[in-house]
Protein chains: 2
Amino acid sequence: MSETVKTNKPEILYEVKAQRGPTLRCKGWKQESILRMLENNMENAEIPELLVIYGGNGKCARNWESYHAIVKSLKELEDNETLVIQSGMPVAIFKTNKLAPRVVMATTNIMKADWETFYDLQDKNLTIFAQYTAAPWEYIGTQGVIQGTFETLSAIAIKRFNNDLAGRVYMTAGAGGMGGNQSWAMKMHGGVAIIVDADERVIDRRIEKNYLDQKVYSLDEALEIVNEAVAKKEPTSVAIVGNAADVFEEAYQKGFMPDIISEMCPCHDPISYIPSGYTGVEADEYRAKDRVAYLADARATMIRQLETMNKFYAKGVEVFEYGTSIRKECRDAGMPEEEAMTIPGFVSEYIRPLFCEGRGPFRWTCLSGDPEDLKRTDDLALEICKGDPLVERWIKLARKNLPIEGLPARICYMGFGQRRKFGLAVNELIKKGEIKGPVAFSRDNLDSGSIVNPTFESENMMDGGDLISDWPYLNGLLNCAAGCDLIAIQANYSMGEAVHTGVTMVADGTEEADVRLDASLTVDSGIGVIRHAQAGYQTAKDVANGVGKLTTDSI
Amino acid sequence: MSETVKTNKPEILYEVKAQRGPTLRCKGWKQESILRMLENNMENAEIPELLVIYGGNGKCARNWESYHAIVKSLKELEDNETLVIQSGMPVAIFKTNKLAPRVVMATTNIMKADWETFYDLQDKNLTIFAQYTAAPWEYIGTQGVIQGTFETLSAIAIKRFNNDLAGRVYMTAGAGGMGGNQSWAMKMHGGVAIIVDADERVIDRRIEKNYLDQKVYSLDEALEIVNEAVAKKEPTSVAIVGNAADVFEEAYQKGFMPDIISEMCPCHDPISYIPSGYTGVEADEYRAKDRVAYLADARATMIRQLETMNKFYAKGVEVFEYGTSIRKECRDAGMPEEEAMTIPGFVSEYIRPLFCEGRGPFRWTCLSGDPEDLKRTDDLALEICKGDPLVERWIKLARKNLPIEGLPARICYMGFGQRRKFGLAVNELIKKGEIKGPVAFSRDNLDSGSIVNPTFESENMMDGGDLISDWPYLNGLLNCAAGCDLIAIQANYSMGEAVHTGVTMVADGTEEADVRLDASLTVDSGIGVIRHAQAGYQTAKDVANGVGKLTTDSI
Ligand SMILES: NC(=O)c1ccc[n+]([C@@H]2O[C@H](COP(=O)([O-])OP(=O)(O)OC[C@H]3O[C@@H](n4cnc5c(N)ncnc54)[C@H](O)[C@@H]3O)[C@@H](O)[C@H]2O)c1
Ligand SMILES: NC(=O)c1ccc[n+]([C@@H]2O[C@H](COP(=O)([O-])OP(=O)(O)OC[C@H]3O[C@@H](n4cnc5c(N)ncnc54)[C@H](O)[C@@H]3O)[C@@H](O)[C@H]2O)c1
């Protein structure tokens with residue numbers, strides 16, 4: 001008997017690669033583009049056999065049956081139909097009209113949401129976790145995270161260091177899934193990164209993948225390397241095996257003053273935070289043995305870590321929280337509110353000014369699969385955004401330093417006005433044949449008008465509107481009205497903590513795409529500008545009135 | 001000095017009446033129709049000077065400044081633009097395209113919502129309460145509530161009483177804002193209603209307005225009237241001044257068996273529920289004096305009321321909870337879970353089978369203001385839905401019994417397929433001039449695909465998906481894709497308890513309206529059918545497959 005007969009399992013795909021080239025499998029390029037985006041998600045997936053794209057639980061489909069049904073539906077979808085996806089399961093196709101989206105989705109939306117409720121509904125096969133770009137098929141690999149840190153450091157460079165981080169030192173902690181990208185981003189800026197991680201296994205993995213240059217076991221060894229690199233203004237990164245609380249304290253006591261300090265330990269989930277005195281392996285054992293004692297120890301260490309960060313802050317070092325919840329967790333663990341909230345969060349400090357210009361993690365994917373198409377779009381971005389230091393610096397560095405993962409893609413913090421201009425120009429080049437295949441525009445969650453998350457993107461709004469979640473829904477409806485090709489309304493972050501809208505717009509060289517891109521690339525960042533203008537930010541008011549720096553478009 | 005100079009207040013409108021007739025103030029009939037719907041809301045408003053439409057706090061605009069700005073925006077809005085409203089405030093106009101909605105809104109959406117948070121944000125002028133039809137400008141007066149009860153009673157008539165309630169008795173309690181409509185609905189069915197209310201002032205108001213026929217002070221007096229009416233099969237209603245718990249108990253002890261029992265006391269808010277032994281006035285005093293003792297007393301009475309209802313249920317009487325939360329409140333007050341949950345909720349018992357056919361409180365408003373237009377549409381409804389007992393009975397009774405409030409409007413539980421057919425036929429009659437002005441289609445919250453509310457519309461779903469809120473968002477996006485003219489995503493009910501989508505679609509006799517109505521009247525109820533089919537309801541599966549009773553349309 002053959003194996004397939006024996007196992008009696010349905011045939012499932014364990015590896016998906018995005019189709020490249022000019023062959024059309026669907027009834028139009030919009031549908032084909034969306035299908036390739038889905039396949040590209042899978043090509044970059046963490047655990048493709050489980051349809052998990054990234055973040056440990058962010059899925060692109062409910063199950064394999066749904067995956068295949070989605071692929072089939074996209075192949076059969078007409079140019080005037082809309083496919084409806086409910087938490088990763090295709091549930092209907094309706095006749096709409098030519099300018100309507102081809103796909104609408106809603107994922108992970110749950111009333112009275114908490115994790116227990118979510119897991120219960122997931123067990124009933126009624127929902128999945130969206131993550132930000134997993135469910136709406138917009139993941140493009142690690143570039144997104146690197147760029148997020150890069151732009152944060154850019155904002156700091158402009159604010160404090162005359163727009164230049166060469167010879168500057170960024171001390172941080174946590175070399176994990178997200179945190180491991182910090183060294184790369186700092187090196188792209190020409191600076192020096194020190195990353196403390198208590199788990200040597202994680203550091204070794206990062207060194208292997210070239211995300212870290214060197215590993216040491218003490219602050220003193222690290223400082224030797226760092227001082228030399230600073231003197232020569234040479235970019236480098238060094239990992240210290242140790243606990244963030246201990247190493248930060250030692251650095252402070254020894255009078256070592258880095259230029260920038262943050263950390264990406266898993267503070268939001270204290271049972272993952274490693275207490276002082278334990279290696280990664282020891283922490284695993286301790287955690288399994290005595291959860292309660294572990295948590296008490298972890299919280300005590302975390303408070304020491306934040307206390308030291310506060311001390312550096314008091315000395316004038318650029319210190320910030322990088323979305324790990326360390327401030328909230330320390331407060332909940334007993335640190336006085338005011339002390340816990342000393343340092344600023346990175347969004348309200350560095351990213352919100354960008355939001356006011358309608359900037360955020362805009363990105364595009366070249367669906368031909370041809371690296372030449374990416375090159376042409378990179379050139380075009382430099383052309384269109386000439387004189388915008390943010391775009392110019394990033395594109396020049398990214399094209400040199402970042403590998404292609406899956407379909408060639410580029411992320412870029414373009415703002416209101418720039419996106420529309422760029423999108424239309426890309427469509428023009430496709431028309432002319434200078435770009436060989438369609439290009440899909442999308443973005444990550446951290447965008448100007450697409451998300452509400454009161455402990456992150458919408459923290460500390462000027463008008464106190466941190467919790468108002470009308471905005472992501474308006475973003476979704478407006479994108480839908482404007483002819484965006486795929487729209488997804490999703491819950492995210494911790495359960496009940498965030499809502500955002502994902503969008504994909506396709507340039508395929510048609511006149512129809514001109515109409516769609518013109519409107520959707522305007523409204524998507526436009527509603528972000530409006531939201532910040534409403535909240536009282538002057539830059540946003542200027543942009544809305546057509547007197548911003550990037551564009552003369554107005555709303 | 002003249003008064004206007006003296007007061008120095010901005011000129012505000014305290015009374016708005018919807019424009020009637022053929023004069024167009026906007027750049028197209030869609031915009032004009034939406035403007036008239038807004039004005040009609042105000043014409044029917046509870047407290048127009050505060051922009052409160054109904055339900056005590058449901059508003060149509062953030063403030064008067066917003067109101068005037070909305071009117072102005074609608075007047076200036078082009079045929080390819082979309083106006084964006086965030087919780088009653090117009091925030092932007094974007095160029096979209098001709099088939100896009102003219103208005104998109106999001107209202108009352110708040111993260112981590114509770115009443116305290118809501119009030120805080122409302123105080124900051126960042127949100128308003130949507131109610132169901134207030135914020136999206138779809139309120140049409142009391143007809144909606146009467147019809148809700150009418151259809152519930154219809155479902156019971158079909159289930160138990162050979163589709164005829166003449167000579168049947170409905171015993172209930174609570175003659176307040178919603179509850180007061182129960183007698184009217186029962187009388188429209190030709191039956192007899194007994195309503196117990198502890199507050200004589202409320203009963204007097206209802207009698208004055210013709211919602212109740214007679215007032216008595218004891219069960220015995222009531223039974224005399226009731227027995228005579230039943231014998232003659234004459235419709236009538238009688239109010240008993242008394243406490244529901246006491247009167248229900250007495251009825252049970254005396255062996256009086258009504259055919260149907262429910263209640264609409266404010267159980268969801270126990271501080272409004274009147275404890276046994278207190279009149280309305282006395283309860284007001286008691287409440288002010290000792291809140292804690294009041295609540296304990298109220299809960300004890302409520303438990304007695306539900307215990308008696310359970311006893312009637314055990315005897316085979318048709319007893320149900322009418323969305324007051326009496327079961328949940330009694331459970332929370334200490335009644336054992338199983339006992340508290342004895343009787344069914346009305347949605348899962350009577351309304352869900354209608355949802356499976358895509359039915360729900362669909363309605364239309366004749367924007368000419370001409371009662372002849374309503375007559376013509378009533379006739380048309382009877383024509384199109386010939387043989388559907390639900391539509392036939394209601395339309396015949398409604399046109400005879402219900403007054404016109406504001407612009408002539410009709411609510412009607414049409415289902416999937418019927419709505420599309422009806423909408424297109426209306427548009428045809430407008431084209432031909434048989435209907436004199438545009439007609440706007442909308443609906444209330446209690447619709448098949450538009451809402452999630454785990455203690456109400458989505459309670460007790462077959463697949464356990466009560467809490468899945470992807471559906472209303474999909475409804476909103478799909479309607480937007482289908483060319484619906486106004487779409488609103490809203491939070492509702494108690495804070496954090498419900499989300500729904502409101503829609504308005506305009507028939508103005510154009511070809512464009514044909515395209516829009518064809519798609520939007522299909523998707524709006526269609527996604528409701530799909531949701532119920534997904535959950536496992538056979539009727540819904542049949543309807544989706546084109547083998548339902550009402551239509552051969554399929555999805
Ligand atoms: N700023 C952003 O945009 C952003 C985005 C995503 C996640 N985050 C947050 O960043 C944090 C890290 O995310 P991740 O995906 O990298 O987590 P991860 O679990 O993959 O990695 C965490 C790393 O921290 C190390 N660590 C734990 N305790 C430590 C201690 N006391 N001292 C030194 N090292 C310690 C662990 O060994 C591990 O390598 C999380 O709190 C996450 O929520 C921020
Ligand atoms: N089924 C539905 O579609 C639906 C819709 C809206 C509201 N509701 C629910 O219906 C209930 C009533 O709503 P409403 O707007 O009519 O409220 P309301 O406050 O206007 O009226 C309640 C009435 O109940 C009377 N009452 C209070 N306690 C009593 C008692 N123990 N015995 C007799 N009478 C008593 C009061 O005097 C008052 O007249 C609420 O719980 C509401 O949430 C149901």
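Where in chain A is the place of W137(A)? In this predicted model, W137(A) belongs to the loop that runs between helix 4 (115–123) and helix 5 (143–160) of chain A. The backbone at this point deserves a second look: W137(A) is not a glycine, yet its phi is positive, at about 65°. Most residues other than glycine have a negative phi. With a relative accessibility of 1%, W137(A) counts as buried, because buried means under 20%.

Chain B offers another case of this kind. N163(B), also not a glycine, has a positive phi of about 60°. N163(B) sits in the loop between helix 5 and strand 6 (169–173) of chain B. Is N163(B) buried, partly exposed or exposed? Its relative accessible area of 31% makes N163(B) partly exposed. A positive phi is also found at G358(B), which follows helix 14 of chain B and has a value near 80°.

Helix 14 (residues 346–356) of chain B is itself mostly covered, with eight of its eleven residues buried. Aromatic side chains will catch the eye on inspection of the list, which includes F346(B), Y350(B) and F355(B). The other buried residues of the helix are V347(B), I351(B), R352(B), L354(B) and C356(B). Which elements cover them? Among those that do are helix 5 (143–160), strand 11 (318–319) and helix 16 (389–401) of chain B. Helix 19 (511–535) and helix 20 (538–544) of chain B also contribute to this cover.

A charged residue can be followed in chain A, where K30(A) lies in helix 2 (residues 29–43). K30(A) counts as buried, since its relative accessibility is 5% and the limit for that class is under 20%. Which residues does K30(A) touch, leaving aside those up to four places away in sequence? Its contacts are R102(A), D485(A), V506(A), D508(A), E512(A), A513(A) and R516(A).

On a broader scale, chain A is divided into domain 1 (143–344) and domain 2, the latter made up of 358–466 + 501–544. The C-alpha centres of these two domains of chain A are 30 Å apart. Across the boundary, 15 residues of domain 1 of chain A are in contact with 17 residues of domain 2 of chain A.

Turning to the ligands, how many residues surround ligand 1? There are 26, and the closest are G177(A), M178(A), D197(A), H268(A) and Y322(A). By class, this shell holds 14 nonpolar, ten polar and two charged residues. Backbone atoms take part in several polar contacts here. A polar backbone atom of G177(A) is 2.8 Å from an oxygen atom of ligand 1, while a backbone N or O atom of A198(A) lies 3.2 Å from a nitrogen atom of the ligand. Y322(A) places a polar backbone atom 2.9 Å from a nitrogen atom of ligand 1. Taken alone, ligand 1 exposes 870 Å², of which the protein buries 80%.

Ligand 2 is surrounded by 26 residues, and those that come nearest are G177(B), M178(B), D197(B), H268(B) and Y322(B). Its shell consists of 14 nonpolar, ten polar and two charged residues. An oxygen atom of ligand 2 is 2.8 Å from a polar backbone atom of G177(B), and a backbone N or O atom of M178(B) lies 2.8 Å from an oxygen atom of the ligand. The side chain of N243(B) takes part as well, with a polar atom 3.3 Å from a nitrogen atom of ligand 2. Taken alone, ligand 2 exposes 870 Å², and the protein buries 81% of that area.

How values were computed:
Residues numbered from 1 in each chain as written. Chains lettered and ligands numbered in written order. Predicted model: local features only at pLDDT ≥ 70, side-chain atom pairs only at ≥ 80, totals over all residues. Heavy atoms only, no water. Near = heavy atom within 4 Å. Polar contact = N/O pair within 3.5 Å; in protein donor to acceptor, adjacent residues only side chain to side chain. Areas by Shrake-Rupley, 256 points an atom, 1.4 Å probe, with all protein chains shown as cover. Nonpolar A, V, L, I, M, F, W, Y, C, P; charged D, E, K, R; others polar. Helix = DSSP H or I, 4+ residues; strand = E, 2+ residues; numbered from the N terminus. Buried < 20%, exposed > 50% of the residue type's maximum accessible area, 1.4 Å probe, protein only. Contact = heavy atoms within 4.5 Å. Domains from an automatic or database assignment.
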